[in-house]
Amino acid sequence: MPKEKDFYKTLGVDKSSTKEEIKKAYKKLAKQYHPDLNKAADAAEKFKEINEAASVLADDEKRSRYDQFGTAEAPQFGGQGGFDFSSFMHEAGDFGFDFDSIFESFFGGGNPFGGSRRRRSHRRGADLRYDMEITLEEAAEGATETISIPHMTRCTECKGTGARSEDDIAECPECEGAGYIRRTARTPFGLFTTQGPCGKCNGQGAYIKAKCASCHGSGKVSKTSTLEIKIPAGAETGTNLRIREAGEAGERGSEPGDLYIVVHVKKHKVFERHGNDIYLEVPVTFVQAALGDTVEVPTLSGKADLKIPEGTQSGTILRMREKGIINMHSQEYGDQLVKVVVETPTKLSKKQKEILKEFEETLNKKSLFDRLF
Ligand SMILES: [Zn+2]
Ligand SMILES: [Zn+2]
């Protein structure tokens with residue numbers, strides 16, 4: 001995965017910051033770098049970066065996607081409108097600059113600069129959840145898994161309309177095909193207009209005279225879809241991947257739900273994971289521990305040399321920098337921490353015992369004893 005911009009760093013906030021804190025940081029920086037107020041050469045570029053970061057971090061959906069993938073773009077199944085900065089600059093130039101309303105627009109509540117939100121109706125299809133088990137190696141490297149999802153998809157026979165043919169779709173007489181009814185009331189404050197879905201056609205604007213034979217008018221059929229799921233390197237148990245529009249089809253061609261992949265990382269027989277660090281125990285002989293040695297140890301990316309310093313005690317933890325797992329967000333690697341376990345020799349031959357006894361004679365036992373008591 002390519003290294004993406006760090007939006008948290010751009011706004012000077014951290015990953016756990018609340019929306020309110022992000023908003024505060026954004027306002028402060030936007031004022032500082034607004035090109036009308038700041039004539040420095042790089043102010044416009046900086047201002048653009050700040051707005052880009054805020055447009056992602058202020059939007060829950062985009063932020064969670066960014067946290068998981070390091071990008072705010074949907075991983076598959078496009079259709080997500082982006083934030084168009086050029087139109088925003090134009091508006092800001094024409095009508096002045098209201099930091100509050102611009103920031104509010106990032107929250108998705110009626111974006112005045114193009115509207116990246118799609119309209120959601122109550123007939124939107126259901127979201128689905130798929131629990132996926134992966135190995136620690138797959139979590140470290142990232143993986144592509146092919147899965148089969150049984151779900152309701154849009155009927156291809158009628159393109160989701162539910163009608164036998166286009167001629168079998170008739171305009172609703174109540175709302176004249178609009179799908180909503182507008183009512184205007186005169187009040188002391190002036191004309192007051194409300195708008196609600198048409199009850200006759202449930203907001204569809206049309207009714208079906210003859211139903212599609214394949215889906216019996218529902219506009220959806222059951223199907224098993226095969227999907228390729230990209231697991232980002234650094235994924236951990238609980239990592240949630242959202243696959244847009246891969247859930248259940250919506251009613252009569254309306255928007256489908258999403259599919260959520262919940263990652264579970266299997267326990268490894270050798271490595272133990274703590275966040276992005278990897279723990280491992282390595283046995284060494286007492287001679288290696290006493291004299292020092294270089295040993296080969298397994299890591300998630302293959303074998304690597306580890307230097308055991310002279311005089312290493314059993315239980316010492318040695319750090320192998322950046323041999324752990326990548327952090328999905330910061331793209332920094334964790335470490336591998338190796339606990340050295342000194343093995344006491346057993347089943348010694350007569351000669352070995354003699355050598356050890358001879359060795360023991362040379363030790364200054366009194367000083368050892370003094371150190372202990
Ligand atoms: Zn109607
Ligand atoms: Zn159909």
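In the predicted model, D131 has a relative accessibility of 40% and counts as partly exposed. The side chain of D131 forms a salt bridge with that of R129, at an N to O distance of 2.8 Å. R129 itself is exposed, its relative accessible area being 57%. This pair belongs to a set of salt bridges that numbers 9 under the criterion applied. Side chains of opposite charge can pair when their charged atoms come close.

A further salt bridge joins the side chains of R242 and D258, with an N to O distance of 2.3 Å. The two residues come from distant parts of the chain: R242 belongs to strand β8 (residues 240-243), while D258 sits in the loop between β8 and β9 (259-265), with 16 residues of separation. Both R242 and D258 are buried. R124 and D127 also pair through their side chains, at 3.3 Å from N to O. D127 is partly exposed, since its relative accessible area is 38%, a value between the 20% limit for buried and the 50% limit for exposed residues. The residues R124, D127, R242 and D258 are connected in a network of salt bridges.

Zinc coordination was examined next. The zinc ion (ligand 2) has as its protein donors the SG atoms of C155, C158, C212 and C215, at distances of 2.2 to 2.3 Å. Along the chain, these donors follow the spacing C-x2-C-x53-C-x2-C. Within this site, C155 and C212 link distant parts of the chain, 57 residues apart. C155 lies in the loop between β2 (143-154) and β3 (169-171), and C212 in the loop between β6 (206-208) and β7 (220-231). C155 and C212 are both buried. The arrangement around the zinc ion (ligand 2) is tetrahedral because its 4 donor atoms subtend angles of 103 to 115 degrees, and the criterion for four donors requires all angles to lie between 85 and 135 degrees. For four tetrahedral donors, the ideal angle at a metal is 109.5 degrees.

The zinc ion (ligand 1) is bound by the SG atoms of C172, C175, C198 and C201, which lie 2.3 Å from the ion. The angles among these 4 donor atoms are 104 to 116 degrees, and the site is tetrahedral. The donor residues of the zinc ion (ligand 1) have the sequence spacing C-x2-C-x22-C-x2-C. Here C175 and C201 join distant parts of the chain, 26 residues apart. C175 is located in the loop between β3 and β4 (180-187), whereas C201 is located in the loop between β5 (190-197) and β6. Both of these cysteines, C175 and C201, are buried.

The surroundings of Q288 were also examined. Q288 is part of helix α8 (residues 286-291). A polar atom of the Q288 side chain lies 2.9 Å from the backbone nitrogen of T285. When residues up to four places away in sequence are left out, Q288 touches D293, V295 and I308. The C-alpha atoms of Q288 and T312 are 8.5 Å apart in space, with a sequence separation of 24 residues.

Key
Residues numbered from 1 in each chain as written. Chains lettered and ligands numbered in written order. Predicted model: local features only at pLDDT ≥ 70, side-chain atom pairs only at ≥ 80, totals over all residues. Heavy atoms only, no water. Donors = N, O, S within 2.8 Å, 3.2 Å for Na, K, Ca; no water. Tetrahedral: all angles 85-135°; square planar, octahedral: opposite > 155°, others 65-115°. Helix = DSSP H or I, 4+ residues; strand = E, 2+ residues; numbered from the N terminus. Buried < 20%, exposed > 50% of the residue type's maximum accessible area, 1.4 Å probe, protein only. Salt bridge = Lys/Arg side-chain N within 4 Å of Asp/Glu carboxyl O. Contact = heavy atoms within 4.5 Å. Polar contact = N/O pair within 3.5 Å; in protein donor to acceptor, adjacent residues only side chain to side chain.
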